[in-house]
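User: Please take one part of this model and examine it closely, setting it within its surroundings. A connected account would be preferred to a list.

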Amino acid sequence: MTVCVVTDRRQLSPDARTARDEVTALTRWLEDAVPAGSDLIQLRERDLPARLLAEVARAVSRLAAGSSTRVVVNDRADVAVATGCDGVHLRGDGPDVARMRAMAPEGRRDGSWMVGRSVHSGAEARVHGEAHYLVFGAVFPSGPKPGRGVEALRDVVASTRAPVIAIGGLTADRAAACVAAGAAGVAAIGLFLPPGRAAGALGIAAGAAAIRRAIDLRCSCHE
């Protein structure tokens, strides 16, 4: 079961005065991700200047080195390659997965270069099933985004062989419901923010632990 930490530097540090301050806060926050056993870190900062994005990506890639945690960069495959990250995550309207796979750096052409993609329906999941994983959401209401629901998640899971990661409005209990519906994992922003930064925020370590406990409890109750 994959636990994915997705970044949003503006939610993390709304009072930061500069992009440099945001990057510093983001890097410090992600120091907890590897010890917490996060399986995937998605650097979702496409509007960050390339130099600063590369700085964060390089720092997080070093933190994850030698662990089971993988790091992907939204959209910017060039930054992912240059900083030693594990791959790229594409938006729903992004380029073809095959094109991004062709950008795999030396030493990553054995299939270990990850290309993930966001999808919003079973039809999209069928088209992009060659991705290493698909992120579907929002499953539950998340900010201005209405929730598509667990049944929509089931449809996406049934439409593809690619592992499906659920995102959107997740709490630990909702994460367990997503996994019960067939999701291979869950991703979140708000749940992993420092406590008090968003409704239900627990921090990375406590959030990851709560997700795993809820899933284990649900599984044990259905044995």
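Analyst: Helices and strands are here DSSP runs, helices of at least four residues and strands of at least two, numbered from the N terminus. The model is a predicted one. With that numbering, valine 139 falls in the loop that leads from strand 6 to helix 7 (150-158). Is this loop residue buried or exposed? Valine 139 counts as buried because its relative accessibility is 1%, the cut-off for burial being under 20%.

The surroundings of valine 139 can be read from its contacts. Residues up to four places away in sequence aside, valine 139 touches Gly147, Arg148, Gly149 and Val150, as well as Ala166, Ile167, Gly168 and Cys178. By contrast with these contacts, proline 194 is 22 Å from valine 139 between C-alpha atoms, at a separation of 55 residues in sequence.

Two of the contacts of valine 139, Ile167 and Cys178, lead to wider features. Cys178 is among the residues with the most contacts inside the largest nonpolar core, a set of 63 residues in which Trp29, Leu30, Leu43, Leu153, Phe192 and Ile211 are likewise named. Helix 3 (residues 50-64) provides the largest share of this core, seven residues. Ile167, in turn, is included with Val6, Met114 and Val135 in a second, separate core of eleven residues. In soluble globular proteins, nonpolar side chains tend to be buried together.

Phenylalanine 192 illustrates the packing in the larger of these regions. Beyond four places in sequence, phenylalanine 192 is in contact with Val3, Cys4 and Val5, with Trp29, and with Gly203, Ile204, Gly207, Ala208 and Ile211.

Strand 7 (residues 164-167) begins with valine 164. Valine 164 is classed as buried because its relative accessibility is 2%. Its C-alpha lies 4.8 Å from that of leucine 134, although 30 residues separate the two in sequence. Leu134 is also one of its contacts beyond four places in sequence, together with Phe136, Leu153, Val156, Val157, Ala183, Ala184 and Gly185.

Ile167 also introduces the largest pocket, whose space is about 980 Å³. Of the 41 residues that line this pocket, Ile167, Arg44, Ser142, Lys145 and Ile189 lie nearest its centre. At least two lining residues come from each of helix 1 (9-12), strand 5 (114-119), strand 6 (133-136) and strand 8 (185-188), and helix 1 gives the most, with three. By class, the lining comprises 16 polar, 14 nonpolar and eleven charged residues.

Strand 8 connects the pocket lining to strand 1. These two strands run parallel and are joined by four bridges, with valine 5 standing opposite alanine 188. Strand 1 also runs parallel to strand 2 (residues 40-43), to which three bridges join it; here valine 6 stands opposite glutamine 42. Strand 1 (residues 2-6) is largely enclosed by the rest of the structure, because four of its five residues are buried.

A further parallel pairing links strand 3 (residues 70-74) to strand 4 over three bridges, and asparagine 74 stands opposite histidine 89 there. In strand 4 (residues 87-90), Gly87 and His89 point one way, Val88 and Leu90 point the other way, and all are buried. In a regular strand the side chains alternate between the two faces of the sheet.

Note on methods
Residues are numbered from 1 along each chain as its sequence is written. This is a predicted model: local features need pLDDT of at least 70, side-chain atom pairs count only at pLDDT 80 or more; totals for chains, interfaces and linings use all residues. Side-chain values use heavy atoms; hydrogens and water are left out. On a 1 Å grid over the protein atoms alone, a cavity is a set of points where a 1.4 Å probe fits but cannot get out, and a pocket is an open set with protein on both sides within 12 Å along at least five of seven lines; lining residues have an atom within 4 Å of a point. Grid points are joined across faces, edges and corners, and a volume is the space filled by probe spheres set on the points. Ala, Val, Leu, Ile, Met, Phe, Trp, Tyr, Cys and Pro count as nonpolar, Asp, Glu, Lys and Arg as charged, and the others, Gly among them, as polar. A nonpolar core is a set of buried Ala, Val, Leu, Ile, Met, Phe, Trp, Tyr and Cys residues joined through side-chain atoms within 4.5 Å. Buried means under 20% relative accessible area, exposed over 50%, partly exposed in between (1.4 Å probe, protein chains only). Contact means heavy atoms within 4.5 Å. Two strands pair if DSSP finds at least two bridges between them.
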